Amino acid sequence: MGDKQDSTLCFIGCGNLGTAILSGLLSTPKEGPEGICPFSQFIVSVRTEVSVTRLREEFCQYQDKLRIYQNQNDWAVHDSDVIILATDPADVASVLTAQGVRDNLVGKLLISVAAGWTRQKLETVIYGREIIPEEISGVDYPKQVCVIRTLPNVAAVFHQGLTVIETPHLGMPTSYLALTKAIFDRVGKTIVLPPSLLDAATVVGGSTPAFFAIICEALIDASVAVGVPRGVAHAGIAQAMLGTAHMLQAGMQPAVIKDLGTSPEGCTMSGLMVLEETAVRGHVGRALREAVTVARLMGSDPEYRRGSAERARVERELARLRASLPVRSDIFYNGQAQAAQDSEMQVMPAENKTVFTNFPLASKEQVNKAIDSALLAKREWQEMPFVDRAAVFLKAAELVSGKYRYELIAATMLGQGKNVWQAEIDAAAELADFFRLNCNYAAELLARQPTRGTDGVWTRVEHRPLEGFVYAVSPFNFTALGGALISGPALMGNVVVWKPSPYCIYPSTIIYKILLEAGLPTDVIQMVPGDAEQVTSTVLDHQDFAGINFIGSSHVFRSIYAKIGQGIGSKKYREFPRIVGETSGKNFQLVHSSGDIPSAVNHAIRGAFEYQGQKCSATSRVYVPESRAQEFIARLKAGVEKMTIGSPDKDFEAFMGPVIHKHSFNKIKNIIEQSNKDPGLELITGGKCNDSQGYYIAPTVYRAQSPDHELFNKEIFGPVLVIHVYPDAKWGETLQSVDRNGGGFALTGAVFAKDRKIIRQVEDTLRYSAGNFYINCKTTAALIGQQTFGGARSSGTNDKAGSSDILRRFTSPRTIKEEFSPLGAFTYPSNESGACSQVVA
């Protein structure tokens with residue numbers, strides 16, 4: 001754009017904020033104290049007819065300057081010199097990548113007001129990579145889109161806003177920054193800050209109006225409570241706030257303003273003392289710091305788009321890891337790697353002729369040595385203050401999310417066949433969340449103390465660890481679950497013997513080393529990979545076995561439960577062992593005729609086929625009403641057939657990868673081959689398998705005539721989905737079928753409906769059909785810290801991972817009562833009624 005006058009400014013999206021900016025520009029002269037704003041024409045592009053009508057009515061007097069388009073972003077950008085991106089943050093990517101928009105942006109200034117979108121993310125969406133300053137300097141900048149990020153606040157609606165502008169690239173024309181300031185100076189004040197301060201400035205400018213509003217609301221309510229009419233209170237408090245703001249803007253310090261309004265033994269000072277006694281100052285400061293923390297997280301979630309910095313880092317780590325194959329995994333006890341008498345080789349699921357790592361097989365003697373070492377470390381660990389134990393896992397969380405993030409992700413991609421998205425949410429995000437939030441849940445549990453008592457009596461509860469050791473058995477499908485299973489019991493002061501899955505051994509080795517680096521004493525957690533039956537039998541034969549934290553198959557868990565029962569019956573153990581287990585699921589998605597079909601389809605695809613259906617919560621059976629079946633199945637088929645399948649690193653954008661190993665491949669292949677011949681099933685799509693290079697199975701969907709077909713009960717743990725189309729009139733019978741089937745499991749389930757009466761009916765009728773029940777959401781939707789997780793029936797003990805409940809299982813509380821007054825007599829009032837006959841001579 002350069003210094004060209006009489007330019008055209010375009011708004012992509014025009015909600016409250018965009019409307020305020022547009023109003024400020026249209027209603028003020030081009031030249032003024034705010035600077036020169038060289039726009040003679042304005043274009044707005046919005047999505048809905050409602051928005052078009054609203055804008056035409058509001059700005060009817062500016063028809064000669066303003067053009068309003070509906071769903072014509074490409075033409076709006078083409079006809080403009082400067083573009084303000086004011087669309088909903090959720091729509092930014094689709095807007096910028098829409099046909100014609102990207103090309104028409106070249107050589108123009110794009111000013112973003114989208115919350116959570118950094119300049120780097122915007123450039124990555126536009127170009128597929130971040131732009132470096134040299135690429136927009138000198139004569140080359142017309143070939144690029146110049147992006148400036150801004151953060152206006154809500155007061156801009158009244159032209160009293162504060163807009164934070166990010167310092168542009170050094171190579172960007174200085175006139176662009178001056179122009180951006182001139183635009184936003186018309187709706188308030190502007191400040192220019194470097195990118196490192198933008199998150200904090202987001203809160204200082206954007207969140208504080210809400211903080212002030214809460215304070216004002218409290219003052220107004222209190223005024224009403226002492227007899228002031230609400231209207232008078234509202235006006236008075238608002239004027240007082242406005243007057244205070246003017247004093248602050250005049251340069252007066254807050255402490256001076258406070259002192260001006262106080263006098264010895266006065267009412268203002270009395271009120272201020274109450275505020276200080278209740279730590280209002282500290283709470284307000286904490287609120288601002290918490291808001292800044294969340295602001296920093298909003299734009300930091302990695303997306304791994306082509307050209308992004310996080311993708312480059314994980315690609316480098318993948319290359320480094322490949323060059324090191326096969327990597328080494330070890331047995332660990334006494335804080336050191338131990339030699340294994342034997343090992344099994346683990347191949348990469350995507351390349352079944354390439355060895356990824358070894359799986360060392362601990363001997364019975366080594367398992368017993370590990371148990372003995374753990375028990376020797378037990379007293380010192382359990383007596384360590386909780387804050388010191390927690391510090392270890394909080395440090396580990398930082399190492400997971402920082403130093404070792406991409407190593408963990410790369411190991412999970414190659415070793416377990418996850419694509420980068422699934423590896424990120426597992427090996428980095430969820431693992432760090434478990435380490436951090438288990439500390440919170442443990443603190444919450446320890447803080448539970450009796451709140452009611454008698455004068456002269458003090459009762460307290462000590463949450464002791466179990467007397468013996470805890471056995472942790474982790475699965476292949478989530479790297480994070482190994483960290484979750486060991487961190488919970490250990491935080492509560494227990495020592496742990498850990499047997500990771502053979503198919504997650506290398507990421508588990510990394511986790512163990514991370515914990516040692518974080519300061520975990522060497523013998524608190526022992527890592528003893530080996531033959532599952534031998535390791536488990538050795539553990540269960542030990543007198544000091546005190547509990548198990550298990551995730552795996554229902555069949556294996558039942559067998560372990562039975563062996564523990566035998567040990568209890570024979571009085572083998574010092575205490576009754578705590579048994580915690582989360583196993584399998586045959587998870588349902590129930591669609592009602594009132595449901596949003598496109599959304600239900602997308603959720604079904606994600607729920608059934610993310611990580612090749614190898615999640616315990618994966619969607620495996622779907623019930624669709626006859627009236628919506630044609631639309632649902634057509635959309636599902638089209639979506640599934642668009643999915644890409646490939647190697648996690650060589651086909652980086654692939655949605656699906658291989659299944660975990662040959663045994664799983666053969667099991668699923670046999671089920672598919674039998675199902676393809678089954679007259680009771682119709683193959684909708686898929687039904688093919690190929691293990692010539694890796695263990696690849698096409699996403700497969702069947703339609704079953706009967707809701708009682710064996711596919712509605714058989715655990716598959718792979719990318720196979722079965723659908724039943726039910727008559728709309730048999731809705732009640734279908735609910736009974738959902739509950740009756742499912743192989744006896746009750747882990748997760750979902751309903752898609754808009755009718756609240758229907759949702760209530762399903763929630764009540766299927767009360768015991770799922771431990772995690774989702775409404776208009778896929779069955780794999782639990783987030784640590786938001787939804788606790790666990791199922792009942794054959795799906796486990798339902799102790800709810802991601803809460804303090806599961807940590808409570810690994811404690812043995814001791815109630816302590818202390819009396820401070822001596823007892824003067826042993827009799828009670830009822831014993832003092834008079835003489836009694838002597839019954840003993």
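Hi everyone. Let's begin at helix α20, which covers residues 532-540 and holds E533. Before I go further, please keep in mind that this is a predicted model. E533 has a relative accessibility of 60%, so it counts as exposed. Together with D342, E344 and D531, E533 forms a negative surface patch. If you have the structure open, that patch is a nice place to start looking.

Now let me step back to the whole protein. It has 841 residues, and buried residues make up 51% of them. The protein contains 27 helices and 32 strands. Its C-alpha trace spans about 105 × 90 × 60 Å along the principal axes.

How is the protein divided into domains? The domain assignment gives domain 1 as 7-193 and domain 2 as 204-297. Domain 3 is put together from 373-458, 465-583 and 810-840, while domain 4 runs over 587-794. Between domain 2 and domain 4, the C-alpha centres lie 53 Å apart.

Here is another distance to try on your screen. P194 and T685 are separated by 491 residues in sequence, and their C-alpha atoms are 52 Å apart in space. P194 itself is in the loop between β10 (188-193) and α8 (198-225). With 33% relative accessibility, P194 counts as partly exposed.

Back to the surface for a moment. We have met a negative patch, and there is a nonpolar one as well: V154, V157 and F158 make a nonpolar surface patch of about 330 Å². To find V154, go to the loop between β8 (146-151) and β9 (161-166). V154 has a relative accessible area of 57%, and because of that value it is called exposed.

Next, the backbone. Most residues other than glycine have a negative phi, and most peptide bonds are trans. With that in mind, I picked out some spots for you.

Which peptide bond is cis, with omega near -5°? That is the one from L325 to P326. P326 sits in the loop between α13 (309-323) and β11 (331-333).

Then come two residues with positive phi. N71 is not a glycine, yet its phi is about 55°. You will find N71 in the loop between β5 (66-70) and α3 (73-78). Q612 is also a residue other than glycine, and its phi is near 60°. Q612 belongs to the loop between α22 (597-609) and β22 (619-625).

Are these two buried or exposed? N71 is exposed, at a relative accessible area of 52%. Q612, on the other hand, is buried, with 2% relative accessibility. I like showing them side by side: each has a positive phi, but N71 is exposed whereas Q612 is buried.

Let's finish with charges. Side chains of opposite charge can pair when their charged atoms come close. How many salt bridges does a search of the whole structure find? The search finds 39, and I will walk through some of them.

One is between R281 and E276, whose closest N and O atoms are 2.6 Å apart. R281 counts as exposed, at 59% relative accessibility, while E276 is partly exposed, with a relative accessible area of 41%.

Another salt bridge joins the side chains of E303 and R305, at 2.8 Å from N to O. Here E303 is partly exposed at 26%, and R305 counts as partly exposed at 30%.

Next, take a look at R809 and D799, whose side chains meet in a salt bridge with an N to O distance of 3.0 Å. R809 is in the loop between α27 (804-808) and β32 (811-819), and D799 is in the loop between β31 (792-793) and α27, so this pair ties together parts that are 10 residues apart in sequence. As for accessibility, R809 counts as partly exposed at 23%. D799 comes out at 13% and counts as buried.

Finally, some salt bridges share partners, and in that way R306, R311, E315 and E653 are joined into one network.

That's my tour. If you want to explore on your own, you could go back to E533 in helix α20 and work outwards from there. Thanks for listening!

How values were computed. Residues numbered from 1 in each chain as written. Predicted model: local features only at pLDDT ≥ 70, side-chain atom pairs only at ≥ 80, totals over all residues. Heavy atoms only, no water. Patch = residues over 30% accessible without salt bridge, like charges linked within 9 Å, V, L, I, M, F, W, Y side chains within 5 Å. Areas by Shrake-Rupley, 256 points an atom, 1.4 Å probe, with all protein chains shown as cover. Salt bridge = Lys/Arg side-chain N within 4 Å of Asp/Glu carboxyl O. Lys, Arg positive; Asp, Glu negative; His and termini not counted. Charge placed at Lys NZ, Arg CZ, Asp CG, Glu CD. Helix = DSSP H or I, 4+ residues; strand = E, 2+ residues; numbered from the N terminus. Buried < 20%, exposed > 50% of the residue type's maximum accessible area, 1.4 Å probe, protein only. Domains from an automatic or database assignment.
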